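This report looks at a sheet and at a pocket. Please keep the sequence and the model in view while reading.

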Amino acid sequence: QVEVAESGGGSVQAGGSLRLSCQASGSTVSINCLAWFRQAPGKAREGVAAVYTDGGSTYYAASVKGRFTIAQDNAKNTVYLQMNDLRPEDSAMYYCAADGYGGRWTNIGGSDCQYSYWGQGTQVTVSS
């Protein structure tokens, strides 16, 4: 069993930056993929960025490529999402997810993992 918990959301003006953190706990050795998703009111959930824990390959949705960076700290079982040049359309609830058997296969920027473990989410609001 794996648990993930997000932190670091908040409100920022357009053009600003935020860094989200996701702390994984439990059977972390079983994690192959960690990812960030977001969901705005009335919209479908969108995969934003993913990282393969073995090797550190990173993948991004086209909508955030060049502005967002996903990074992992294996020693801390933590993954970060550095978000720069934020836009009002980036406003959403951001969720961290870890892969696990039985989850839904999701492609994010060319990666493909089954995400089974989800955090409670952290709100990001970008004002114009």
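In what sense do strand 3 and strand 8 pair, and over how many bridges? Strand 3 and strand 8 (residues 78-83) pair in the antiparallel sense, over six bridges.

## Basis of the model

The model is predicted, so local features need pLDDT of at least 70 and side-chain atom pairs count only at pLDDT 80 or more, while totals for chains, interfaces and linings use all residues. Residues are numbered from 1 along each chain as its sequence is written, and side-chain values use heavy atoms, with hydrogens and water left out.

## The sheet

Four strands (DSSP runs of E, at least two residues, numbered from the N terminus) form an open antiparallel sheet in the order 1-3-8-7, where pairing requires at least two DSSP bridges between two strands. Strand 1 and strand 7 (68-73) stand at the edges with a single partner strand each, so one side of each is left without a neighbour in the sheet.

Strand 1 (residues 2-7) is joined to strand 3 (residues 18-26) by six bridges, and Val 4 has Ala 24 of strand 3 as its bridge partner. Further along, Leu 18 stands opposite Met 83 in strand 8, and Asp 73 has Thr 78 of strand 8 as its bridge partner.

## The largest pocket

The largest pocket (an open set of points on a 1 Å grid over the protein atoms alone, with protein on both sides within 12 Å along at least five of seven lines) holds about 150 Å³ of space, a volume taken as the space filled by probe spheres set on the points. Its lining residues, those with an atom within 4 Å of a point, include Ala 24, Asp 73 and Thr 78.

Methods
On a 1 Å grid over the protein atoms alone, a cavity is a set of points where a 1.4 Å probe fits but cannot get out, and a pocket is an open set with protein on both sides within 12 Å along at least five of seven lines; lining residues have an atom within 4 Å of a point.
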